[in-house]
Amino acid sequence: MAIILDENAKIIVQGKTCSEGMKPTPRMLDSGAQLVGGTNPRKAGQKVECRDGGSVPGFGTVKEAMAATGANVSVIF
């Protein structure tokens, strides 16, 4: 199955703040992905700092992240 993303894809990363989620996130940002948020129930409300000096908001659930950011793509780690 092929998954095609374009410049309109707003991505949330489930498990962004876990050790596995943190590894590919910088590469996603470097490639131009529009990363709009991440989820981790234990870190809801916290911002995760990115290499470029920006930050990405953290949410407790995918539903909250989608409502707040308009995300239309989710990546799971």
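The paragraphs below lead through this predicted model, from its overall fold to its nonpolar cores and one loop residue.

The secondary structure of the protein comprises three helices and five strands, and someone following the chain from its start meets these elements in the order β-α-α-β-β-β-α-β. The chain has 77 residues, of which 32% count as buried, while the accessible surface amounts to about 5000 Å², with 55% of that area belonging to carbon and sulfur atoms. Among the contacts in the protein with a separation of 6 or more, 50% are made by residues 24 or more positions apart.

Turning to the interior, the largest nonpolar core consists of six residues, namely Ala9, Ile11, Val13, Met28, Leu35 and Val56. Met28, one of these six, is in contact with Ile11, Val13, Ala33, Leu35 and Val75, when its neighbours within four places in sequence are left aside. A second core of five residues, separate from the other, includes Val36, Phe59, Ala65 and Ala71. As background, nonpolar side chains in soluble globular proteins tend to be buried together.

One loop residue deserves a separate look. Pro24 sits in the loop between helix H1, which spans 19-22, and helix H2, which spans 25-30. Is Pro24 buried or exposed? Pro24 counts as buried, because its relative accessibility is 16% and the cut-off for buried residues is under 20%. Although Pro24 and Phe77 are 53 residues apart along the chain, their C-alpha atoms are separated by 9.4 Å.

Key. Residues numbered from 1 in each chain as written. Predicted model: local features only at pLDDT ≥ 70, side-chain atom pairs only at ≥ 80, totals over all residues. Heavy atoms only, no water. Helix = DSSP H or I, 4+ residues; strand = E, 2+ residues; numbered from the N terminus. Buried < 20%, exposed > 50% of the residue type's maximum accessible area, 1.4 Å probe, protein only. Contact = heavy atoms within 4.5 Å. Areas by Shrake-Rupley, 256 points an atom, 1.4 Å probe, with all protein chains shown as cover. Core = buried A, V, L, I, M, F, W, Y, C linked by side-chain atoms within 4.5 Å.
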